[in-house]
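User: I'm new to this one and would like to go through it step by step. Could you show it to me before we start?

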Amino acid sequence: MSEWFAQQLQELRARALDRHLREVASGQGAIVELKGKRLINFSSNDYLGLANDPKLRDAAGAAIAQFGVGAGASRLISGTQSPHVELEAALAKWKGTPAALSFSSGYAAALGTISALVRKGDVVLLDKLCHASLIDGAKLSGATLRVFPHNHLGKLESHLKWAQREHPDQRVLILTESVFSMDGDRAPLSQLVELKKRFGARLLLDEAHAVGVIGPNGRGLAAAENLSGNVDVQMGTMSKALGVSGGYICGSRSLIEWLINRARSFIYSTAPPPAVAAAARAAVDFLASPEGEKRRVALWDRIKLMQKILPADSATANQSSKVARHADSAIFPWLVGDEESAVDLAADLQREGFFVPAIRYPTVGKGSARLRITVTAAHTEEQITSLGETIRRLRGGE
């Protein structure tokens with residue numbers, strides 16, 4: 001068996017697709033320590049710089065002092081402790097929904113929720129660029145799965161007509177993200193809502209990379225477009241802009257009660273540590289405050305600077321210089337194309353003092369390897385400018 005693994009790994013290496021763990025010997029932040037070297041970190045999803053914030057650390061420490069380290073049981077046995085209840089109440093208030101439910105991870109939230117919403121005979125319509133957790137949740141549900149090209153409303157409408165014709169009495173669920181994790185662009189939410197209403201479908205919106213970044217007090221794209229009441233299931237994560245870990249679902253009280261009874265990843269998992277829930281609650285409270293909104297506005301100042309500074313990538317180098325790079329989020333995909341070239345560029349940047357790992361297949365399509373550059377509120381203008389200048393120099397003035 002070990003020989004088979006060795007052979008498969010060798011094939012991955014030959015295609016520049018093998019991966020390795022990197023030990024970071026510091027807390028998350030704009031600067032991290034990797035292999036004894038301090039690097040400017042443009043790879044983190046800690047968009048607001050909260051992962052190492054004293055407010056969250058103090059909340060976690062107080063919870064450990066009161067509740068200990070582990071929850072000890074699943075939520076339905078004896079693992080629902082006061083920090084979990086307080087977090088869910090804060091999430092629901094912040095997102096403007098009747099109720100909320102937290103999960104151990106965003107992945108667990110997707111798997112448990114989708115499989116509780118649809119089953120064999122039902123239909124799931126999925127954007128091609130949706131996160132792996134949504135894809136896996138759809139597959140595990142047993143529902144019929146159809147994929148539409150990224151943000152292609154015409155094809156989605158065609159799929160909805162097909163579902164209405166071929167599965168007239170079954171549930172239809174549309175899955176999409178507000179901000180797509182590898183491309184950084186947004187879903188056409190108002191048009192999606194119109195389609196789901198017209199065909200009587202349900203809509204699950206993953207706000208993972210929008211929460212904390214987009215909308216009033218960082219409540220996400222649905223809030224930004226005043227469409228929260230038209231999204232049946234609002235999914236999100238606490239592991240990105242909120243700086244902690246875990247996933248959540250916000251929606252109607254009956255939806256949350258149904259998930260408590262039917263979401264297997266919730267029912268059969270030990271509850272997250274109370275300290276994590278307490279820290280996440282502190283993050284939600286911060287985002288809902290004037291100070292949190294000020295931090296979010298500061299993040300957008302840095303996003304706009306990166307939009308201005310970053311040189312054109314291989315996909316846009318031949319476009320007119322008058323076409324400005326438009327920033328929809330804190331994510332800047334810098335396309336290289338070839339997997340080996342992307343790895344080489346990431347290594348060159350690391351030698352120059354920047355941590356920006358290459359993203360390759362199967363996370364993105366074959367031949368669309370890239371640097372996934374993320375901007376945070378913790379970055380300085382000098383750090384952003386220096387990254388842009390370094391990429392331009394390494395790529396020969398592109």
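**A buried acid and its surroundings**

Analyst: D185 is buried (under 20% relative accessible area with a 1.4 Å probe, protein chains only; exposed is over 50% and partly exposed in between), yet D185 has no salt bridge, and the nearest side chain of opposite charge, R370, is 8.0 Å away. A salt bridge here is a side-chain nitrogen of Lys or Arg within 4 Å of a carboxyl oxygen of Asp or Glu, and Lys and Arg count as positive and Asp and Glu as negative, while His and the chain ends are not counted. This is a predicted model, in which local features need pLDDT of at least 70 and side-chain atom pairs count only at pLDDT 80 or more, whereas totals for chains, interfaces and linings use all residues. Residues are numbered from 1 along each chain as its sequence is written, and side-chain values use heavy atoms, with hydrogens and water left out.

User: Where does D185 lie, then?

Analyst: D185 is in the loop that links β6 (172-177) to α8 (189-199); helices (H or I, at least four residues) and strands (E, at least two) are DSSP runs, numbered from the N terminus.

User: And what is D185 in contact with?

Analyst: Leaving aside neighbours within four places in sequence, D185 is in contact (heavy atoms within 4.5 Å) with H150, N151, S178, V179, F180 and D328.

User: Switching to β4, how many of its residues are buried?

Analyst: In strand β4 (residues 123-127), 5 of its 5 residues are buried. V123, L125 and D127 point one way, while V124 and L126 point the other way. In a regular strand the side chains alternate between the two faces of the sheet.

User: Which strands are joined to β4?

Analyst: Strand β5 (residues 144-148) runs parallel to β4 and is joined to it by 5 bridges, with D127 standing opposite F148. Between β4 and β5 the chain passes through helix α6 (residues 132-141), and this β-α-β crossover is right-handed, meaning that, with the strands pointing away from the viewer, the path from the first strand over the helix to the second runs clockwise. β6 also runs parallel to β4, through 4 bridges, and L125 stands opposite I174 there.

User: What about β1, which strand does it run antiparallel to?

Analyst: That is β2 (residues 37-41), joined to β1 by 4 bridges. The open sheet has the order β1-β2-β11 with mixed pairing, where two strands pair if DSSP finds at least two bridges between them.
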